[in-house]
Every structure is written in C-alpha cells, then in structure tokens.
Amino acid sequence: TIRVPYAQFSSCMTENTYLRLILMRHAKSSWDDPCMDDHDRPLNGRGRKSATAVGKWLRTHGYVPDQILSSTAQRTVETAHGLGLNDVPTHLIPALYMAGPDRILAQLHRAQGRCILMLGHNPGIGWLAEMLVRAPPLHGQFGDYPTGATLVLDLEAVEWATVSRGTGIVAAFITPRELTD
C-alpha cells in the first residue's frame, strides 16, 4: 500500500477545496464459460474475496465515496456489491463498459458529491489513472493496473467538470493481493 499523509498535500488543498476520486478496476472475473458474453461474466471466488477486502480497506482508511459510478457489466456490478458500501448510491452507466479514458472522464465531469468511486475496466481505467496523476505512485503494479487495483486521488479541482490531466495527487494505491495474501 502506498499512502501519503494529508499534511504532505500542496498548501492550496484543504478539506474544503479538493475532490477525491477512487479509480477501481473490477475484481477478478470468471472465464469458466468461454461462450458467455463478455458483459455477462461474473466474478470468480478470488474476485469476490478481493472485492470484500478492498471494501474493508476503503472503510478502514476513511475512503468512503459519496457515490459509485460503475459500468453495467456483471463483474463490475458484483464488485460494487462486494465492497459492502451498501449506504452509498451506485449508478450503473452503460457508457463506462469497456470505455476509454476520455469517455470515463466525460462521465466523471457529470458526477455529484465530493468523493466518487469509479468502477470500470482496463485498459481505460488504468489509462485514466496514468493521465490524472501528477506523479505515479512508487508501486510496481501501477502500470499494469491489475484486477481490483484501487487508486485514491486528491484532485486540485473544486468541481468535477474541471478535472483534467495531471490534477491528481496520489493518496493511496492498493492491489487486492496485498490485502488477501
């Protein structure tokens, strides 16, 4: 886990002037049925365990979003449910299914609340993470953005519509294997 104490953020960022974005790739999915449509693939056992572990990690560290914006794919829906953030409204957005970074960012620009969790697919979610960070975390898995990878960014923006390239300061990055192995 890479975590940066709040005191290390830039001096212009206070609790009242930043937005927090959590970018998560869906947990590990099942390939048991090779004929199943990609959109309908569920999580496998490891994926369900990983989603639960990431949800616990988010709550333990105070990274509880105001809302979840998720792809409509079965594996992202199951990941959102597995996080156990039952009080957090979840919005299923068809445009996030296999979306590239520009489409994901366009959906983020419409978000409401101060902390948003976006749940999607690679390569788009990983590319968006690379695009938004000012400096990437010193973590060997960041470039791969494996299943269940979760990045917490504090954004130097006061509204979602102004979030753009290089505005994110890494607060944390985690992969499920760090939590479950």
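Here are some numbered notes to help you find your way around this predicted model.

1. **The overall layout.** A good place to start is the order of the elements. The chain contains 5 helices and 7 strands. If you walk along the sequence, you will meet them in the pattern β-β-α-β-α-β-α-β-α-β-β-α. It may help to keep that string at hand, since the points below refer to several of these elements by name.

2. **Overall dimensions.** Along the principal axes, the C-alpha atoms fit a box of roughly 50 × 35 × 30 Å. The radius of gyration is 15 Å, which agrees with the value near 16 Å that a compact globule of 181 residues would have.

3. **Inside and outside.** Half of the picture is interior: 50% of the 181 residues count as buried. The accessible surface of the chain is about 8500 Å², and carbon and sulfur atoms account for 51% of that area.

4. **Contacts and charges.** Which contacts hold residues that are far apart in sequence? Among contacts between residues at least 6 apart in sequence, 71% join residues at least 24 apart. As for charge, there are 17 positive and 17 negative side chains, and the centres of these two sets are 3 Å apart.

5. **Strand β5.** I would look at this strand early on. It covers residues 115-120, and 6 of its 6 residues are buried, so β5 is largely enclosed by the rest of the structure. In a regular strand, side chains alternate between the two faces of the sheet. Here both faces of β5 are covered: C115, L117 and L119 are buried on one side, and I116, M118 and G120 are buried on the other.

6. **The partners of β5.** Which strands pair with β5? One of them is β2 (residues 19-25), which runs parallel to β5 and is joined to it by 6 bridges. Within this pairing, L21 has I116 as its bridge partner. Another is β3 (residues 67-70), also paired with β5 in the parallel sense, over 4 bridges. Here Q67 stands opposite I116, and S70 stands opposite L119. I116 is thus a handy residue to click on, with L21 as a bridge partner and Q67 opposite it as well.

7. **Strand β3 and its link to β4.** Like β5, strand β3 is covered on both faces: Q67 and L69 are buried on one side, while I68 and S70 are buried on the other. Besides its pairing with β5, β3 is joined by 3 bridges to β4 (residues 90-92), and these two strands run parallel. In that pairing L69 stands opposite H91 of β4.

8. **Helix α4.** Is this helix enclosed or open, judging by its residues? Of its 9 residues, 7 are buried, so α4 is largely enclosed by the rest of the structure. The buried ones are G124, I125, G126, L128, A129, M131 and L132. Their cover includes β2, α3, β5, β6 and β7 (168-174), so you will see β2 and β5 again here because they are part of what covers the buried residues of this helix.

9. **A cis peptide bond.** Do check the link from N122 to P123: this peptide bond is cis, with omega near 10°. P123 sits in the loop between β5 and α4, which places it between the two enclosed elements described above.

10. **Two residues with positive phi.** M98, which is not a glycine, has phi near 55°. M98 lies in the loop between β4 and α3 (101-108) and counts as partly exposed, at 43% relative accessibility. Y145 is likewise not a glycine, and its phi is positive at about 45°. Y145 belongs to the loop between α4 and β6. Is Y145 buried or exposed? With a relative accessible area of 1%, Y145 is buried.

11. **An exposed leucine.** The loop between α4 (124-132) and β6 (150-155) also holds L138. With a relative accessible area of 80%, L138 is exposed, since that is over the 50% cut-off. L138 and V170 are 32 residues apart in sequence, and their C-alpha atoms are 10 Å apart in space.

Methods
Residues are numbered from 1 along each chain as its sequence is written. This is a predicted model: local features need pLDDT of at least 70, side-chain atom pairs count only at pLDDT 80 or more; totals for chains, interfaces and linings use all residues. Side-chain values use heavy atoms; hydrogens and water are left out. The radius of gyration is taken over C-alpha atoms; the globule rule is 2.2 Å times the number of residues to the power 0.38. Buried means under 20% relative accessible area, exposed over 50%, partly exposed in between (1.4 Å probe, protein chains only). Contact means heavy atoms within 4.5 Å. Accessible areas come from the Shrake-Rupley method with a 1.4 Å probe; for residues, only the protein chains shown count as cover. Lys and Arg count as positive and Asp and Glu as negative; His and the chain ends are not counted. The place of a charge is taken as NZ of Lys, CZ of Arg, CG of Asp or CD of Glu. Two strands pair if DSSP finds at least two bridges between them.
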